[in-house]
Amino acid sequence: MRHHRIACLAFDGMAPFELATVAEVFAVPRPELDVDGWYRFELCAETPGPHRVVGGFDIVVHHGLDRLGFADTVIVPGVADVRRDVSPAVLDALRASYARGARVMSICSGAFALAAAGLLDGREATTHWRHAELLRTRHPRVAVNASVLYIDEGSVITAAGTAAGIDACLHLVRRDHGSAVAARVARRMVVAAHREGGQAQFAEHSVVGEAPADDPVGSAIGHALGNLHRRLAVGELAGVAHLSVRQFERRFAEATGLPPGRWLTDQRIRAAAVLLESADQPVDVVAGRVGLTVAGLRHHFRKSLGVSPSTYRRQFRDEPARTASGSSAATDA
């Protein structure tokens, strides 16, 4: 099987982290996976040659925009300046790649390039929370959602800043080769195997999972995660945090970007997804282990991931790898 070609766009002034993220996932040879059609990575630029990146050092780019014409996936890991227009040559290359069927993805400010090319018109898209309002202003036809890590619209994927790019890249591996392969790549990178795109960006709020042990909201989250198998009322979590319900709801939303009930449901669905991928237990048993009724699991699972639990299990445990566009022949059960 031929390799899946990845073309990553470089430019002067780019942040090296986003570039390194894409290269780590798609450019590193992984013979231990024994996967047919692994990725072939090429770094491209409007003008090949040395490009200065953040930190004061140079990267040397050997390929021009013509390589986008051969790519199965084109990734834009940012733009030089969100307030400046993107080069017409870059926009033309992005449009041509998309028109011939390539998958396109942006990370952080790269959404401005996809938007300027018209590839996000009428679509939901995300970017770093600091740039969200400007993206809305400059490109009003884009439905900007700054509260998520990444958004998969099939042939167009947008990711928020920095670490969300890791999640989006692993999501593509997951689409192309299944969850087991994506988990092995994540394990080698020493990162979380799977974070859903719908998880909130933390913006300026602290990450509760890293809060001190005596942090009230962090304590409540730890209690909730240890008791997902049973019903949990907001009042119980507020009691663990030693806060009134109103205080707890406010501080919880400030820390996580979500109200407690929504966050708890998301955790139950994430836990259910892991069980469906790794265990052979019936759906009703999985539902009980994450504190939901079977009907509740099916409802929230479909609302969150777009498929039923049974379909999800088939897609990520038994079926062949999904196509580059992310389509699947599976039907709902």
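In strand E10 (156–159), Ile157 is the bridge partner of Asp152. The model is predicted, and the description here starts from this strand pair and works outward. E9, at residues 150–152, pairs with E10 in the antiparallel sense, over 3 bridges. Tyr150 stands opposite Ala159 of E10. The hairpin formed by E9 and E10 has 3 residues between its strands, and Gly154 there takes a positive phi near 90 degrees.

E10 also pairs with E6, the strand at residues 103–107. E6 and E10 run parallel and are joined by 4 bridges. Ile157 appears in this pairing too, as the bridge partner of Met105. Both faces of E10 are covered. Val156 and Thr158 are buried on one side of the strand, and Ile157 and Ala159 are buried on the other.

These strands belong to an open sheet of 6 strands, in the order E2-E1-E5-E6-E10-E9 and with mixed pairing. E2 and E9 are its edge strands, each pairing on one side only. From one strand to the next, the twist averages 15 degrees.

Two helices that pack on the sheet can be described by the strands they touch. Helix H2 (residues 88–99) touches E1, strand E5 (73–76), E6 and E10, and its direction makes about 150 degrees with that of E5. Helix H5 packs on the sheet as well, touching E1, E2, E5, E6, E9 and E10. The direction of H5 makes about 160 degrees with that of E6.

H5 leads on to the nonpolar interior. In soluble globular proteins, nonpolar side chains tend to be buried together. Here the largest nonpolar core has 38 residues, of which Phe26, Ile59, Met105, Ile107 and Val173 touch the most other members. Elements that give two or more residues to this core include strands E1 (4–9), E2 (39–44), E4 (57–61), E6 and E10. The helices that do so are H1 (16–26), H5 (163–177) and H6 (179–189). H5 provides the largest share, 7 residues. Leaving aside neighbours within four places in sequence, Val173 is in contact with Val25, Phe26, Trp38, Tyr39, Gly178, Val181 and Ala182. Another core, of 31 residues, lies apart from the largest one; Ala113, Ala117, Ala125 and Ala132 are among its members.

The remaining part of the account concerns helix H7, at residues 216–225. Its buried residues are Pro216, Val217, Gly218, Ala220, Ile221 and Ala224. They pack against helix H8 (234–241), H9 and helix H10 (260–278).

How do H7 and H9 lie at their contact, and at what angle? H7 and helix H9 (residues 245–256) pack at an angle of about 85 degrees, with their axes 10 Å apart. Angles of 65 to 115 degrees count as roughly perpendicular, and H7 and H9 are therefore roughly perpendicular to each other. From H7, the residues that meet H9 are Pro216, Val217, Ala220 and Ile221. On the H9 side, they meet Phe248, Arg251, Phe252, Ala255 and Thr256. By class, the contact of H7 with H9 has 7 nonpolar, 1 polar and 1 charged residues. Pro216, Val217, Ala220 and Ile221, the H7 residues in this contact, are also among those of H7 that are buried.

Terms used. Residues are numbered from 1 along each chain as its sequence is written. This is a predicted model: local features need pLDDT of at least 70, side-chain atom pairs count only at pLDDT 80 or more; totals for chains, interfaces and linings use all residues. Side-chain values use heavy atoms; hydrogens and water are left out. Axes are lines fitted to C-alpha atoms, for helices over the stretch in contact, and angles run from 0 to 180 degrees between N-to-C directions. Angles under 35 degrees count as roughly parallel, over 145 as roughly antiparallel, 65 to 115 as roughly perpendicular and the rest as oblique. Contact means heavy atoms within 4.5 Å. Ala, Val, Leu, Ile, Met, Phe, Trp, Tyr, Cys and Pro count as nonpolar, Asp, Glu, Lys and Arg as charged, and the others, Gly among them, as polar. A nonpolar core is a set of buried Ala, Val, Leu, Ile, Met, Phe, Trp, Tyr and Cys residues joined through side-chain atoms within 4.5 Å. Buried means under 20% relative accessible area, exposed over 50%, partly exposed in between (1.4 Å probe, protein chains only). Two strands pair if DSSP finds at least two bridges between them.
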